[in-house]
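Reader: Could you walk me through how to read a few features in a model like this? Let's start with the packing inside.

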Amino acid sequence: MFDIIVLTEGYTQLDSQGTVRSCSTITLLKGPHRNIIVNTGNPWGKGLTSQRICVCSAALSDQGLKPEDIHYVICLNGHIEQIGNLNLFSGAVHCVGYDICQHDQYLLHELKEVLFVLPAGDALQHR
């Protein structure tokens, strides 16, 4: 069973200069043996503390976790406000859009056939 915790709430706002400010919601799935982050926020939120910027590592710390405690990172697409802090989770398996990888090893798959079975030693595999 996983606890679902919204670490930072995302936003999209049109500002007075006619540009858009945006950052994805960052969600933690906290399990008894595995932790998963869904979206990592924008790259400017890595160590900053401002209510206008997503703060991934500080929000994790509030949950008693460090980036090393995350086993999987899932980014729903490749938009910068969702993948901006992937580098914080260098030990995790990354699932970004169609790609599933860990370090420089990519899982060759037909996404519709992949069962999310990676825990057996944290090596990429599927059945």
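Author: Happy to. This is a predicted model, and the largest nonpolar core has 16 residues.

Reader: Which residues of the largest nonpolar core touch the most other members?

Author: Those are Leu7, Leu28, Ile37, Leu60, Ile70, Val73 and Phe89. As for where the core comes from, β1, β4 (26-30), α1 (56-62) and β6 (72-75) each supply at least two residues. The most comes from α1, with 3 residues.

Reader: What is Ile37 in contact with, leaving aside its neighbours within four places in sequence?

Author: Ile37 is in contact with Leu7, Ile26, Thr27, Leu28, Leu60, Ile70, Tyr72, Val73, Ile74 and Phe89. Apart from the largest core lies another core, of 7 residues. Among its members are Tyr72, Val93, Ile100 and Leu107.

Reader: Okay, on to the sheet. What is the strand order?

Author: Read it across: β1-β4-β5-β6-β7-β8-β9, an open sheet of 7 strands with mixed pairing. To find the edges, look for strands that pair on one side only: here they are β1 (3-8) and β9 (105-106).

Reader: And in which sense do β7 and β8 pair, parallel or antiparallel?

Author: Antiparallel, over 3 bridges, with β7 covering residues 93-96 and β8 covering residues 99-102. Pick His94 if you want one bridge to look at: its partner in β8 is Cys101.

Reader: Speaking of cysteines, how many disulfides does the structure hold?

Author: The general idea goes like this: a disulfide is a covalent bond between the sulfur atoms of two cysteines. This structure holds 0 of them. Cys95 is in no disulfide, and the nearest cysteine sulfur to its own belongs to Cys101, 7.9 Å away.

Reader: Why is there no bond between the sulfur of Cys101 and that of Cys95?

Author: Because the two sulfurs are 7.9 Å apart, too far for a bond; the cut-off is 2.5 Å. Cys95 is buried, with a relative accessible area of 6%, and Cys101 counts as buried too, at 12%.

Reader: Last one: charges. Which side chains meet in a salt bridge?

Author: In general, side chains of opposite charge can pair when their charged atoms come close. Here the structure holds 1 salt bridge, in which the side chains of Arg21 and Asp15 meet at 3.7 Å, N to O.

Reader: Is Asp15 buried or exposed?

Author: Buried, at 18% relative accessibility; the cut-off is under 20%. Arg21, on the other hand, is partly exposed, with a relative accessible area of 40%.

Note on methods: Residues numbered from 1 in each chain as written. Predicted model: local features only at pLDDT ≥ 70, side-chain atom pairs only at ≥ 80, totals over all residues. Heavy atoms only, no water. Buried < 20%, exposed > 50% of the residue type's maximum accessible area, 1.4 Å probe, protein only. Salt bridge = Lys/Arg side-chain N within 4 Å of Asp/Glu carboxyl O. Pairing = 2+ DSSP bridges. Helix = DSSP H or I, 4+ residues; strand = E, 2+ residues; numbered from the N terminus. Core = buried A, V, L, I, M, F, W, Y, C linked by side-chain atoms within 4.5 Å. Contact = heavy atoms within 4.5 Å.
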